[in-house]
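Dear colleague,

I am handing over the structure we spoke about, and I would be glad if you could look through it. My notes come after it.

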Amino acid sequence: MLYKDMTTTEDTIVALATPSGTGAIGVIRLSGPDAINIAQKVWKGKDLTKQASHTLHFGRIMDGENELDDVVASLFVAPRSYTRENVVEISCHGSNFIIGSIIKLLIKNGARSAKAGEFTLRAFLNGQLDLSQAEAVADLIASNSKASQQVALQQLRGGFSNQLKTLREQLVQFASLIELELDFAEEDVEFANRDQLKKLIFEINRIVTSLISSFELGNAIKNGVNTVIAGRPNAGKSTLLNALLNEERAIVSHIPGTTRDTIEEVLNINGINFRLIDTAGIREATDAIEQIGVQRTMDKINESALLLYVFDASQITLDDLNSDLESLKRPNVAMLVVANKADLLNHEQQLPLPHTETVIFISAKQKENIDELKQKIYYAAVKEQLNGNETLITNIRHLEALQKTEESLSRVLKGIDDITSDFLAMDIKQALHYLGEITGAVTTDDLLENIFSKFCIGK
């Protein structure tokens, strides 16, 4: 397998740490026991092997008598580096030719090309990061909003790991006592107080359940919230999209059925990305193309986390409104009901409203109450769960491990008074195993390959 041979850190690896392509500078990263010695072989300047850690040095990269570039070398002496190994980072000019030439020269002098994620893998193997922190590195690199950056930073700093570590340590203590009971099975003694164990399991279960329930929000922060704008033709859906984005993104016309395909744009509200999807109007299609558009609308609604149902407040009847709401409701899709064209209503006009829904009145054309609608959209997704301090699950691997932990702990509670110590120990061991999978206390080559192969080269 790709990563089986990478669990040894005896060789020295090299890769470009900055994005490929021409730029002002490129940073080439070396990590391993011979990183400084290999750099010194191609270096003209101060002797790098005699310099202190965390220092910068100006010099030249030489291929024999041929000068490749003027560079700055950053020195990180083990264990005071990202990988806990000797690390040299060479900042050179951002020419693809220069970068390629320097990397080839370093390989010629004893380094090898790094695989995807191998620097972070070494940080994990050398105890600098646990597995969930390593995954947070990838999330931080991929973060595209303030909220996703904050969640990734919180996990990178060990908030999630520390919480799991405490739970696991408490459970290990009881597991040890139950294992001790097995050694004295013939004497029928109990070293692990069952009432205390119950109390601990209830507390761990409470935290695990809370973490599981946080995944919906965590996933929304990490990947953005799928938000569909749907309604009847000429309800003002495209005008609303333009108003929310504050730009003319969608074609607006008084002719019904102008939007025949979905239009997708990203709107950031309070640090969270909402993927707005403007859809074809919902009605009986008059041609094959419109029929496809309406079907795509329904498909997008089924895949969404939030639905903005928009209706023309000056035209719709109560029966039509209730019929639309009933047909669009989905079990796992939050819905906001938006009454558009409120500026066309006169004081005497009685607006038909559903009794079971809170209606938000706006005028997309006049951009009235758009800021209020944005806040409603934000709170519909966040539900007051985001305060900056709580731990949120953003990784499906973590979610699955926590769900299996919850199942194992439920079996412990179910059999705590009835089953023998050996079966009780087995269920606790399973819970410990699943908790350990999250932080990397329990790993397999397949797991490491699945995680680190998704990293970028150079990280």
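Below is what was found, beginning with how far the model can be read.

This is a predicted model, in which local features need pLDDT of at least 70 and side-chain atom pairs count only at pLDDT 80 or more, while totals for chains, interfaces and linings use all residues. Residues are numbered from 1 along each chain as its sequence is written, and side-chain values use heavy atoms, with hydrogens and water left out.

The average pLDDT (the predictor's confidence in each residue, from 0 to 100) is 84 for the protein, and 86% of the residues score at least 70. Over residues 255–260, however, pLDDT stays under 50, and the model has 19 contacts for them beyond four places in sequence, a contact being heavy atoms within 4.5 Å. Where pLDDT is low, the predicted coordinates should not be read in detail.

The largest nonpolar core (buried Ala, Val, Leu, Ile, Met, Phe, Trp, Tyr and Cys residues joined through side-chain atoms within 4.5 Å) has 35 residues, and Leu240 and Leu373 are among those that touch the most other members. Buried here means under 20% relative accessible area, with a 1.4 Å probe and protein chains only. Helix α12 (residues 370–382) gives the most to this core, with seven residues; helices (H or I, at least four residues) and strands (E, at least two) are DSSP runs, numbered from the N terminus. Leaving aside residues up to four places away in sequence, Leu240 touches Ile229, Val310, Ile362, Ala364, Ile370 and Leu373. A second, separate core of 30 residues includes Leu171 and Ile428.

There is also an open sheet of six strands, with mixed pairing and the order β9-β10-β8-β11-β12-β13, where two strands pair if DSSP finds at least two bridges between them. Because β9 (263–269) and β13 (359–361) stand at the edges with a single partner strand each, one side of each has no neighbour in the sheet. Strand β12 (residues 334–340) runs parallel to β13 and is joined to it by three bridges, and Val337 stands opposite Val359 in β13.

Finally, helix α3 (residues 118–125) has seven of its eight residues buried, so it is largely enclosed by the rest of the structure. The buried residues include Glu118 and Arg122 as well as Phe119 and Leu121, and just after α3, Gly127 takes a positive phi of about 80°.

With best wishes

Methods. Buried means under 20% relative accessible area, exposed over 50%, partly exposed in between (1.4 Å probe, protein chains only).
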